[in-house]
Amino acid sequence: MSNKLAILPGDGIGIEIVAEAVKVLNHLKANGLDIEMTEAPVGGAGYDAAGKPLPDETLALVKQSDAVLLGAVGGPQYEELPRELRPERGLLGLRSELGLFANLRPAILYPQLAEASSLKADVVAGLDIMIVRELTGGIYFGQPRGIRDKDNGEREGFNTLVYSESEVDRIARVAFDIAMKRGRRLCSVDKANVLEVSELWREVVTRAGSDYPEVELSHMYVDNAAMQLVKWPKQFDVMVTKNMFGDILSDAAAMLTGSIGMLPSASLDADGKGMYEPIHGSAPDIAGQGVANPLATILSVAMMLRYTFDRASMADAIEAAVGRVLDRGLRTPDIMAEGCEQVGTVEMGEAVLTELAA
Ligand code: NAD
């Protein structure tokens, strides 16, 4: 039975960059990848087509798919809509409907782009970290929450940071499994010196680790992790952490690379079904101009092959092709550097295809 893939380009540059990723998928399909692709609207495009950001037909499609490739959603023309109709609601709906609890955010810096980082080239060149963030629990979802009146007349805001053992165990196992496919080092980030939730987190992660004797497990407080990420990021292989810490650390790690158009991401459910997307948004400022960098989306396809379809050699081939394109000096404007040749979205996609076919 062929693998089912839902293609959701979304809005803005999403349409342009997903088109290039689909060319890569078609090439792989012609070379042995058993895959069936169906396209559907989401975000603003969903609202335009069916009056809501996550149309029923799109939801039905993603539910019966093995993986989802998403471009990006959002645009200024949708900003005045009521909150529940805004494009971003389509994304949140996808995450919760699909039970995507594990967010994988690699921070990879191709050596050819080391100058794009705000850190010294030797600190970041060749950086390759995977941050595994718990996505559906913790303080963003914990109850009770709200803003209430106090007896003295002022108001107070409150949220609840809560994690059950099973929630910690399942995200820990995702991270251990990924570490097994990489450098076999896992750093669990917490705040166990202050928070009881973190005390339990550390205990459960350590316990799960006994099933992964080949993975070297370490623990780090989140404040130290933030410092170490900017001091010597290459010390990390895989990091695992709760929702809020992961939100912050993964953005910091992404920015170490200095190139938002290069970074893919994945969100997985309990069975390895995943949604794959670039970390950037719909970039309305450059949409329709043919200059968006499609590499983050093409690298999202590589993640999909590795984590959902178990085709690591195809994933390696895509990543190597991207490396060779950069070696040839081809750059979209966002990663342009002296002495390189500037190309547009389509030329960049074609160049990856050429290298892949070579
Ligand atoms: P953005 O990521 O879209 O753009 C930030 C900057 O990076 C812009 O200058 C843009 O031109 C540039 N950029 C982004 N991707 C690029 C690429 N592939 N190639 C070249 N340059 C690129 O963030 P924003 O401007 O804050 O948001 C724009 C819209 O996207 C908003 O509607 C926002 O809600 C939405 N958004 C969507 C997602 C998503 O779909 N996952 C994520 C973030 C923002």
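Start by selecting residues 3-10, strand β1, together with residues 67-72, strand β3: in this predicted model the two run parallel and are joined over 5 bridges. For one spot to zoom in on, pick Leu8, whose bridge partner in β3 is Leu70.

Now widen the selection to the whole sheet. You're looking at 10 strands in an open sheet with mixed pairing. Walking across, the order is β2-β1-β3-β12-β11-β4-β5-β10-β8-β9. Color 35-39 (β2) and 216-221 (β9) next: these are the edge strands, and each has a single partner, so one side of each has no neighbour in the sheet. Tilt the view and check how the strands sit against each other: on average, neighbours are turned by 20 degrees, direction ignored.

Time for the helices. Select residues 165-181, helix α6, which lies across β4 (102-108), β5 (128-134), β8 (185-190), β9 and β10 (238-241). Against β5, helix α6 runs at about 165 degrees. Then add residues 196-209, helix α7, lying across β8, β9 and β10. Line helix α7 up with β9 and you'll find an angle of about 170 degrees.

Last stop: Thr297, which you'll find in helix α10, residues 295-307. Is Thr297 buried or exposed? Its relative accessibility is 0%, so Thr297 counts as buried; the cut-off for that is under 20%. To see what surrounds Thr297, show Ile17, Val18, Ala21, Leu69 and Pro278 as sticks: these are its contacts once neighbours within four places in sequence are set aside. Of these, Leu69 takes you back to where you began, since residues 67-72 make up β3.

Notes: Residues are numbered from 1 along each chain as its sequence is written. This is a predicted model: local features need pLDDT of at least 70, side-chain atom pairs count only at pLDDT 80 or more; totals for chains, interfaces and linings use all residues. Side-chain values use heavy atoms; hydrogens and water are left out. Two strands pair if DSSP finds at least two bridges between them. Helices (H or I, at least four residues) and strands (E, at least two) are DSSP runs, numbered from the N terminus. Axes are lines fitted to C-alpha atoms, for helices over the stretch in contact, and angles run from 0 to 180 degrees between N-to-C directions. Contact means heavy atoms within 4.5 Å. Buried means under 20% relative accessible area, exposed over 50%, partly exposed in between (1.4 Å probe, protein chains only).
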